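Please open the model in your viewer and keep the sequence panel beside it, since this tour moves from the whole chain down to a single residue. At each stop you will be told what to select and what to look for there.

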Amino acid sequence: MKILDLPYIPELDTMNADEISSVLDSRGARGRIAELNWPQFPYAPLATFSIAHSGTAIYIDFFTRCNYLRAENDKDLGPVADDSCVEFFVSPTCDNHYWNFEINCIGTLNASHRSERHNPTRLTADELRQVRRAPSCGRRPFREMEGMFAWNLITAIPLSLIGVSYTPGQPVAMNANFYKCAGKTSAPHYLSWSPIHTDKPDFHRPDSFGRIVLQ
């Protein structure tokens with residue numbers, strides 16, 4: 001099982017997006033979303049992330065370099081995985097109950113609480129607003145573009161939203177995975193941080209999650 005220790009940086013809660021990005025780059029834990037689990041989808045754009053927590057939220061700065069960029073979905077709870085998308089799935093209880101946070105490159109969020117892939121409990125409008133998102137691509141939707149693109153997306157997910165409380169000095173372990181996908185681009189791809197062993201793309205596999213530890 002992959003394991004990633006998340007440093008405790010409480011001052012993240014008072015920073016703007018540029019400051020958060022700089023601090024995560026210098027002091028956060030780092031990971032690569034590079035597992036090519038399904039050879040029928042061979043395209044593998046560069047995808048990395050840096051991550052830490054403040055005691056009240058998990059902060060992630062995703063970075064991607066790719067040849068196709070798409071962002072047609074601009075309404076939360078839409079099919080953002082069709083677009084250029086990054087995702088964070090987390091199980092605070094380390095079992096089959098997990099939360100999925102899927103965010104396209106313009107910050108549109110699809111998020112749910114699940115005990116299986118089907119029958120999700122979608123986040124309410126108020127809960128969606130609690131998830132901070134800062135996309136480098138702006139907020140306006142656009143059709144697919146071809147070229148060389150580098151983009152990042154910062155998100156802050158409140159621990160209270162996923163039912164977690166943190167006391168400094170008492171580490172909290174959770175299971176999680178990180179993904180990069182773009183299902184309806186000219187080069188569809190489905191990459192993960194922790195490997196997944198299925199015949200077809202399926203990110204909803206808590207049995208394949210790695211572990212993150214809030215230090």
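The tour starts with the whole chain and ends at one side chain.

Begin by selecting the entire protein chain, bearing in mind that this is a predicted model, and colour it by secondary structure, where you should find two helices and 14 strands. If you turn the chain along its principal axes, its C-alpha atoms fill a box of roughly 45 × 35 × 30 Å. The radius of gyration is 16 Å, which agrees with the value near 17 Å that a compact globule of 215 residues would have.

Next, switch on the surface of the protein chain, which comes to about 9700 Å², with 48% of it belonging to carbon and sulfur atoms. Buried residues make up 52% of the 215 residues. Then select the charged side chains, of which 21 are positive and 24 are negative, and note that the centres of these two sets lie 3 Å apart.

Now select residues 109-114, which form strand β8, and pick out N110 within this strand. Is N110 buried or exposed? N110 counts as buried because its relative accessibility is 8%, and the cut-off for buried is under 20%.

Finally, show the residues around N110: leaving aside neighbours within four places in sequence, N110 is in contact with L77, G78, V80, N100, F101, E102 and R122. Of these, select R122 as the last stop, where a polar contact of 3.4 Å joins its side chain to that of N110.

Technical notes: Residues are numbered from 1 along each chain as its sequence is written. This is a predicted model: local features need pLDDT of at least 70, side-chain atom pairs count only at pLDDT 80 or more; totals for chains, interfaces and linings use all residues. Side-chain values use heavy atoms; hydrogens and water are left out. Helices (H or I, at least four residues) and strands (E, at least two) are DSSP runs, numbered from the N terminus. The radius of gyration is taken over C-alpha atoms; the globule rule is 2.2 Å times the number of residues to the power 0.38. Buried means under 20% relative accessible area, exposed over 50%, partly exposed in between (1.4 Å probe, protein chains only). Accessible areas come from the Shrake-Rupley method with a 1.4 Å probe; for residues, only the protein chains shown count as cover. Lys and Arg count as positive and Asp and Glu as negative; His and the chain ends are not counted. The place of a charge is taken as NZ of Lys, CZ of Arg, CG of Asp or CD of Glu. A polar contact is a pair of N or O atoms within 3.5 Å; within protein, one must be able to donate a hydrogen and the other to accept it, and residues adjacent in sequence count only if both atoms are side-chain atoms. Contact means heavy atoms within 4.5 Å.
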